[in-house]
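Visitor: I'd like to walk through this model with you. Shall we begin with the empty spaces?

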Amino acid sequence: MHIEEADFLLQSYRFDLPQEQVAQFPSEERGGSRLLIMPRSGELTLRHKNFCDLPDCLPEGALLIANNSRVLQARLLGTRSTGGKVEFLLLTPLPLVIERAKADKNGGLYAEAEGLVRSGGSIREGESFGFGAGIGVTVLESGPFGQRRVRLSWTGDLTAAFAATGHIPLPPYIKRPDAEDDLSRYQTVYSRQDKTGSVAAPTAGLHFTPSLRERLAAKGFEWAEVTLYVGYGTFSPVRSSDIRSHRMHREYIEIPEATALAIARAREEKRPVIAVGTTSLRTLEGVAELCGRVQPYTGWTDIFLYPGRPFRVADGLVTNFHLPESSLLMLVSAFAGRKRVLGAYAEAIANNYRFFSYGDAMLIR
């Protein structure tokens with residue numbers, strides 16, 4: 001793939017998107033989205049399909065790798081002692097919070113964590129807030145862009161406490177409060193309860209339905225899973241004019257042995273590996289970069305994939321359409337070429353595709 005200097009410039013990832021094409025709600029029925037088929041190389045011949053057509057569009061014998069993490073109702077709303085409103089968004093993956101938990105003298109639990117704390121007035125270090133369901137937050141240290149190191153305290157089951165009082169943290173470009181329907185529609189059907197902890201959905205997976213999964217299996221497509229606890233950094237803008245200076249956020253990932261073995265088999269049998277979503281792709285490529293190959297792994301990745309970076313594992317990608325100047329658009333551009341991707345986006349816009357988390361999808365193969 002030919003790389004040029006413009007591939008490293010932030011301004012090269014701008015495109016004009018009509019506001020009405022930013023999806024504010026999911027499709028009427030899960031799986032009812034459109035699907036743009038884009039070849040990864042060669043002539044840029046685009047095909048317009050529906051997501052339910054996916055089994056007929058995948059390369060034969062493909063192994064699909066999906067992210068099974070589950071979105072936590074991580075957004076808490078409370079009141080300060082002054083009477084003002086306060087909002088807390090947990091950023092540390094929930095399993096790590098629970099792993100760090102210590103007992104206090106009153107029989108409760110506490111742990112240090114990272115989060116966003118927002119209020120109408122300035123927030124002092126040492127200030128504490130209550131959020132219902134036994135959850136308390138004390139600010140320990142302030143960081144950049146509203147991030148804080150906090151002491152999180154709770155009683156009983158922390159996952160259940162967040163479910164009882166928290167809200168689904170919809171992305172900032174969805175200009176409405178979360179609703180009851182988001183509890184199910186902003187989760188994949190294959191998300192696992194024991195993998196709860198993401199603050200954003202792995203959105204390419206939102207299009208899959210149980211019946212589509214059955215059709216994929218019937219046609220001989222293999223399915224394996226990884227876990228990446230999606231952090232709020234996925235929405236953080238790239239601020240460096242030269243994108244190579246951007247510091248990527250870290251995310252916590254897990255690759256089980258069964259998935260590593262499935263990838264090794266697919267490689268040996270020369271079957272393509274298709275990542276379902278950029279989070280799955282980051283997980284696979286992050287571990288391959290760290291370890292030289294995909295192997296069982298639990299830990300962090302901060303891999304930043306932009307044009308010129310190699311791909312060691314994935315041959316194809318199912319993905320939604322991403323924000324201008326975002327690290328995810330740069331990842332997709334690294335995978336298939338910036339000019340090709342922007343050309344495909346232009347056609348999607350002209351054909352009134354819906355964009356971002358609740359929008360339509362692409363298959364790059």
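**Spaces, then single residues**

Visitor: Which residues line the largest cavity?
Guide: Pro26, Ser27, Glu29, Arg30, Gly31 and Ser33 are among them. The rest of the lining is Arg185, Leu206, His207, Ser357, Tyr358 and Gly359. This is a predicted model, where local features need pLDDT of at least 70, side-chain atom pairs count only at 80 or more, and totals for chains, interfaces and linings use all residues. Numbering runs from 1 along each chain as written, and side-chain values use heavy atoms, without hydrogens or water.

Visitor: What counts as a cavity here?
Guide: On a 1 Å grid over the protein atoms alone, it is a set of points where a 1.4 Å probe fits but cannot get out. Lining residues have an atom within 4 Å of a point.

Visitor: How much space lies in the largest cavity?
Guide: About 90 Å³. A volume is the space filled by probe spheres set on the points, which are joined across faces, edges and corners.

Visitor: How many cavities does the search find?
Guide: Two of 30 Å³ or more, over the whole structure. The second largest cavity has about 50 Å³.

Visitor: What lines the second largest cavity?
Guide: Val230, Thr234, Met248, His249, Glu251, Thr278, Thr279, Arg282 and Leu328.

Visitor: Which element gives the largest share of that lining?
Guide: H7, with three residues. Helices (H or I, at least four residues) and strands (E, at least two) are DSSP runs numbered from the N terminus.

Visitor: On to pockets. What is the volume of the largest pocket?
Guide: About 1,100 Å³. A total of 35 residues line the largest pocket, and the closest to its centre are Leu91, Gln147, Gly233, His249 and Arg250. Strands E8 (109-119) and E11 are the elements that give two or more residues to this lining. E8 gives the largest share, five residues. A pocket is an open set of grid points with protein on both sides within 12 Å along at least five of seven lines.

Visitor: His249 again?
Guide: Yes. His249 is one of the residues closest to the centre of the largest pocket, and His249 also lines the second largest cavity.

Visitor: And the second largest pocket, how much space is in it?
Guide: About 360 Å³. Its lining has 28 residues, and Tyr173, Thr234, Phe235, His322 and Leu328 are the closest to its centre. Helix H7 (278-291) and strand E17 (316-320) are the elements giving two or more residues to this lining. Thr234 and Leu328 also appear in the lining of the second largest cavity.

Visitor: Back to E8. Is Gly115 buried or exposed?
Guide: Gly115 is buried, with a relative accessible area of 0%. Buried means under 20%, exposed over 50%, partly exposed in between (1.4 Å probe, protein chains only). Gly115 sits in E8.

Visitor: What does Gly115 touch?
Guide: Phe88, Leu89, Leu90, Leu91, Gly146, Gln147 and Arg148, leaving aside neighbours within four places in sequence. Contact means heavy atoms within 4.5 Å.

Visitor: How far apart are Gly115 and Gln147?
Guide: They are 32 residues apart in sequence, and 5.6 Å apart C-alpha to C-alpha. Gln147 is also one of the residues closest to the centre of the largest pocket.

Visitor: Change of topic. Which residues of H3 are buried?
Guide: In helix H3 (158-165), Leu158, Ala161 and Phe162 are buried. They lie on the same side of H3, because they cover an arc of only 95° around the axis. The arc is taken from the axis to the C-beta atoms.

Visitor: What covers them?
Guide: The cover includes strands E5 (75-79), E6 (85-90) and E11 (147-154), plus helix H2 (94-100).

Visitor: Any odd backbone angles?
Guide: Lys270 has phi near 60°, a positive value in a residue other than glycine. Lys270 is in the loop between helix H6 (257-268) and strand E15 (273-276). Lys270 is exposed, at 76% relative accessible area. Phe356 also has a positive phi, near 75°.

Visitor: Where is Phe356?
Guide: In the loop between helix H9 (338-350) and strand E18 (361-364). Phe356 is buried, at 6%.

Visitor: Last one. Where does Thr209 lie?
Guide: In the loop between strand E12 (196-198) and helix H5 (210-218). Thr209 is buried, at 14%. Not counting residues up to four places away in sequence, Thr209 touches Arg30, Gly31 and Val189. Arg30 and Gly31 also line the largest cavity.
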